[in-house]
Amino acid sequence: MNDFNQPISGNDLARFSGPNTFMRLPQASSLDGLDVAILGVPMDIGTSWRSGTRFGPKQIRAESAMLRPYNMATGAAPFDSLQMADVGDLAINTFSLSDSLRIIQDSYDAILGAGVIPVALGGDHAITLPILRAIAAKHGPVALVHVDAHADVNDEMFGERETHGTVFRRAHEEGLIVPEKTYQIGIRGTGYAADDFTEAQGWGFQHFPAHELWHRPLGPIGAEIRRDIGDRPVYVTYDIDSLDPAFAPGTGTPEIGGLTTPQALELIRALRGLNVVGCDLVEVSPPYDTSGNTALTAANLIYELLCILPGVTYR
Ligand code: MN
Ligand code: MN
């Protein structure tokens with residue numbers, strides 16, 4: 001055995017007991033000695049349709065109790081070489097979106113300043129804008145792997161410039177991401193205008209619409225993206241609504257015809273080897289997740305993201 005934090009085993013303590021931390025890892029009150037901080041951002045005041053993502057972190061943690069430390073498909077042993085802990089939830093201001101975004105950015109400045117890789121459990125997608133502001137302040141403009149049914153490139157929603165649907169236009173305007181190294185995967189659904197997506201493609205964003213991915217393995221596409229990004233820093237933002245609502249119904253703005261669970265796994269696994277400087281999984285809305293499968297899937301995808309972080313041992 002090693003000195004790194006380990007999830008509590010389901011053979012040592014029944015899965016339905018123990019701390020409600022991600023995979024029942026230790027909860028840390030300080031960033032000292034950590035390589036990776038898993039944190040919750042329980043926020044849903046940036047959403048435009050169904051609410052409920054404020055309950056996302058708690059429910060993802062609850063479903064993560066099923067997870068075991070070794071990835072039997074890829075050989076990844078994420079807890080054998082990286083010190084990980086759940087650092088709890090950010091104390092957002094649920095009465096103010098702008099104040100919440102400021103709190104998120106300040107918290108990320110501290111995490112990144114300590115040299116720790118942040119892994120966020122959302123929360124609605126608005127959390128990713130302040131995260132990218134902090135990420136870019138530390139690493140400069142980053143490559144972005146954005147898996148989502150939606151491009152989230154609106155200019156305004158009800159006159160508001162910071163919402164879950166405007167994140168990547170702001171990130172582009174503010175120079176937080178490298179547009180030619182921004183990959184939007186799983187985009188679909190109806191639009192307000194026939195050319196809704198062409199403007200972002202004009203900035204350089206690379207679009208992978210869901211209908212072009214139907215019935216196709218995503219490993220080769222992920223490998224192509226990995227080669228294209230090279231060794232530059234990359235942030236991965238994973239909106240659970242990229243999956244088809246048959247697999248992930250518990251989300252705020254579902255769109256039919258989405259990715260399958262195997263495609264989601266193929267894509268993340270193909271990104272192994274990238275210089276991932278942070279990631280998030282957003283838009284899980286437990287009130288609409290009657291089976292718990294959405295939060296369970298989210299917990300597994302976060303685990304798969306942990307498995308591709310730099311420094312992970314493979315066996
Ligand atoms: Mn989104
Ligand atoms: Mn979405």
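1. Start with the metal pair. In this predicted model, the manganese ion (ligand 1) sits 3.2 Å from the manganese ion (ligand 2), and Asp148 coordinates both of them. The pair of His125 and Asp239 links distant parts of the chain: His125 comes from the loop between E4 and H3, while Asp239 belongs to strand E8 (residues 233–239), 114 residues apart. Both His125 and Asp239 are buried.

2. Now each site on its own, beginning with the manganese ion (ligand 1). Its protein donors are His125 through ND1, plus Asp148, Asp152 and Asp239 through OD atoms, at 2.1 to 2.3 Å. If you want to find these donors in the sequence, look for the spacing H-x22-D-x3-D-x86-D.

3. The manganese ion (ligand 2) has Asp148 (OD), His150 (ND1) and Asp239 (OD) around it, and Asp241 (OD) is listed twice, with distances running from 2.1 to 2.5 Å. Along the chain, the spacing for this ion reads D-x1-H-x88-D-x1-D.

4. How exposed or buried are the donors Asp148 and His150? Asp148 has 0% relative accessibility and so counts as buried. His150 comes out at 17% relative accessible area, and since the cut-off for buried is under 20%, His150 is buried too.

5. Asp280 deserves a look of its own. This residue is in strand E9. Asp280 is buried but makes no salt bridge, and Arg133, the nearest side chain of opposite charge, is 13 Å away. What does the side chain of Asp280 have a polar contact with? The partner is the side chain of Thr128, at 3.0 Å.

6. The surroundings of Asp280 tie back to the metal site. Setting aside neighbours within four places in sequence, its contacts include His125, which is one of the donors of the manganese ion (ligand 1). Other residues in contact with Asp280 are Ala120, Thr128, Ile131, Tyr235, Val236, Thr237, Tyr238 and Leu305.

7. Check the backbone just ahead of His125. The peptide bond joining Gly122 and Gly123 is cis, with omega at about 10 degrees. Strand E4 covers 117–122, and Gly123 is in the loop between that strand and helix H3 (128–139). The metal donor His125 is in the loop between E4 and H3 as well.

8. Two residues other than glycine have a positive phi, so I'd look at each of them by eye. Met23, in the segment before strand E1 (36–41), has phi near 55 degrees. Glu283 has phi of about 75 degrees and lies in the loop between strand E9 (275–282) and helix H8 (293–307).

9. Are Met23 and Glu283 buried or exposed? Met23 has a relative accessibility of 1%, so it counts as buried. Glu283 also has a relative accessible area of 1%, and is therefore buried.

10. Last, Phe158. You'll find it in the loop between strand E5 (142–147) and helix H4 (167–173). Phe158 has a relative accessible area of 90%, and because exposed means over 50%, this side of the call is clear: Phe158 is exposed. Its C-alpha atom is 38 Å from that of Leu31, which lies 127 residues away along the chain.

Terms used. Residues are numbered from 1 along each chain as its sequence is written. Chains are lettered from A and ligands numbered from 1 in the order in which they are written. This is a predicted model: local features need pLDDT of at least 70, side-chain atom pairs count only at pLDDT 80 or more; totals for chains, interfaces and linings use all residues. Side-chain values use heavy atoms; hydrogens and water are left out. Helices (H or I, at least four residues) and strands (E, at least two) are DSSP runs, numbered from the N terminus. Buried means under 20% relative accessible area, exposed over 50%, partly exposed in between (1.4 Å probe, protein chains only). Donors are N, O and S atoms within 2.8 Å of the metal (3.2 Å for Na, K and Ca); water is not among the atoms, so sites may look incomplete. Lys and Arg count as positive and Asp and Glu as negative; His and the chain ends are not counted. A salt bridge is a side-chain nitrogen of Lys or Arg within 4 Å of a carboxyl oxygen of Asp or Glu. A polar contact is a pair of N or O atoms within 3.5 Å; within protein, one must be able to donate a hydrogen and the other to accept it, and residues adjacent in sequence count only if both atoms are side-chain atoms. Contact means heavy atoms within 4.5 Å.
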